[in-house]
Amino acid sequence: MPKISDSSGNIRIPAKSSKRGWVRCDRMLAGKTVLITGANSGIGLETAIDLARRKAKVIIACRDPKRGNDAAETINRCSNSRDATACVLDLASFESIRTCVDKLLREEARLDILINNAGVMMCPKSATKDGHEMHFGVNHLGHFLLTLLLLDLIKRSAPSRIITLSSVMHTEMYNAYIHWDDLNLDRGYVARDAYSQSKLMNVLFSRELSKRLKGTGVTTYCVHPGLVRTNILQHVGENTSCWDSLFCCVSKLTKYFWKTPEHGAQTSIYCAIAPELEDETGLYYCDCKKKREAPRGRDDAAAERLWKISCDITGTDNIAIDEN
């Protein structure tokens, strides 16, 4: 845990920034710029409101311009800020991602915190504009490309943080593994497997990214927000497999016991602002605590393999690991 000097020059150890899954740190972010994907509703919107209250300049990246602008107005109103803005980003389109990044690089001098929050869950079989299965394309490839294109700006803003939302569904319990010979699940599509694969990819991506950014001052964090009542569940029930139907029934019966979006945002906020995390990177968090990933989420060979495949698909340059 980093030591902090007070106004008298005395060294003190900062108190823990959370309690019982809620952030209790009043750290301000004046002068910092934050980009959050998919923040027009749910966890992302609550995260944006909190960070705007901390005086950060918040940019939300959303597919729908009107919903994005409406959400930015909500963020400014709820946080008593004028600095929240929206930009257009469709994670299902490499062209849209590159256009969004070009605009950000022209207009922004720094990017201190990137939160890869957007995602799709258990939607029927469909493809991105570039022909990739939707979960694979949006949840992993889209954020992979966005992050790599913004890396130079993020590194120039160091110390800076990259937070990627995953899920408990990256574990073996939910049949999560990488279908190396069928990443788009063309041979047999099950919505649960598509979602679980993408969430395992999120864990592996954050882990590998931390190694490739060693010594740059950029740290990475992977987050499971918990079971949260948001519109990410909108497609649950549209699939015909037995497991997907069972998940739909269980979700309907238990969703009223799930976290609110505000509660679900706490771990993202914690990883964005907690001083005690400054020396941690590449790890996995839930309920504002460090947790152990599933064994497949700690497979470094798989993480490196996924990285190289993702570079090939997105047309991005590889980032060598610093061996020093």
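Strand β5 (residues 33–37) pairs with β8 in the parallel sense, over three bridges, and this is a good place to enter the predicted model. Look for leucine 35: its bridge partner in β8 is leucine 114. On the other flank of β8 comes strand β9 (residues 160–165), which runs parallel to β8 and is joined to it by four bridges. Here isoleucine 113 has arginine 161 as its bridge partner in β9. To get from β8 to β9, the chain passes through helix α4 (residues 134–156), and this β-α-β crossover is right-handed.

Stay with β8 a moment longer and follow its side chains. In a regular strand the side chains alternate between the two faces of the sheet. Strand β8 (residues 113–116) sends Ile113 and Ile115 one way and Leu114 and Asn116 the other way. Are these four residues buried or exposed? They are all buried, Asn116 included.

Now go back to β5 and turn towards strand β6 (residues 57–62). Five bridges hold β5 and β6 together, again in parallel, and isoleucine 36 finds its bridge partner in isoleucine 60 of β6. Helix α1 (residues 42–53) packs on the sheet, where it touches β5, β6, β8 and β9. The direction of α1 makes about 170° with that of β5. Helix α4, the one in the crossover, lies across β5, β8, β9 and β10 (218–224) and runs at about 175° to β8.

With these pieces in hand, you can step back and see the sheet as a whole. It is an open sheet of eight strands, in the order β7-β6-β5-β8-β9-β10-β11-β12. Although the pairs visited so far are parallel, the pairing across the sheet is mixed. Its edge strands are β7 (85–88) and β12 (289–291), each of which pairs on one side only. From one strand to the next, the twist averages 25°.

Next, have a look at the aromatic rings. How many aromatic pairs does a search of the whole structure find? There are four. One of them is formed by phenylalanine 205 and tryptophan 307, which are stacked, with 6.0 Å centre to centre and 25° between the planes. This pair links distant parts of the chain: phenylalanine 205 sits in helix α5 (residues 191–212) and tryptophan 307 in helix α9 (residues 300–314), 102 residues apart. Phenylalanine 205 counts as buried because its relative accessibility is 3%, and tryptophan 307, with a relative accessible area of 2%, is buried too.

Another pair, between tyrosine 221 and tyrosine 285, is tilted, at 5.8 Å centre to centre and 55° between the planes. Because tyrosine 221 lies in strand β10 and tyrosine 285 in strand β11 (residues 283–286), the pair ties together parts that are 64 residues apart in sequence. Both rings belong to buried residues, tyrosine 221 at 0% relative accessibility and tyrosine 285 at 1%. Returning to the helices, you will find Phe144, Phe205 and Trp307 linked into a cluster by ring pairs.

Finally, consider the chain overall. It has nine helices and twelve strands, and of its 324 residues, 55% count as buried. Among contacts between residues at least 6 apart in sequence, 76% join residues at least 24 apart. The accessible surface of the chain comes to about 14,800 Å², with 49% of it belonging to carbon and sulfur atoms.

Terms used: Residues are numbered from 1 along each chain as its sequence is written. This is a predicted model: local features need pLDDT of at least 70, side-chain atom pairs count only at pLDDT 80 or more; totals for chains, interfaces and linings use all residues. Side-chain values use heavy atoms; hydrogens and water are left out. Buried means under 20% relative accessible area, exposed over 50%, partly exposed in between (1.4 Å probe, protein chains only). Helices (H or I, at least four residues) and strands (E, at least two) are DSSP runs, numbered from the N terminus. Two strands pair if DSSP finds at least two bridges between them. A crossover is right-handed if, with the strands pointing away from the viewer, the path from the first strand over the helix to the second runs clockwise. Axes are lines fitted to C-alpha atoms, for helices over the stretch in contact, and angles run from 0 to 180 degrees between N-to-C directions. Contact means heavy atoms within 4.5 Å. Accessible areas come from the Shrake-Rupley method with a 1.4 Å probe; for residues, only the protein chains shown count as cover. Rings of Phe, Tyr and Trp (its six-membered ring) pair if their centres lie within 6.5 Å; planes under 30 degrees apart count as stacked, over 60 as edge-to-face and the rest as tilted.
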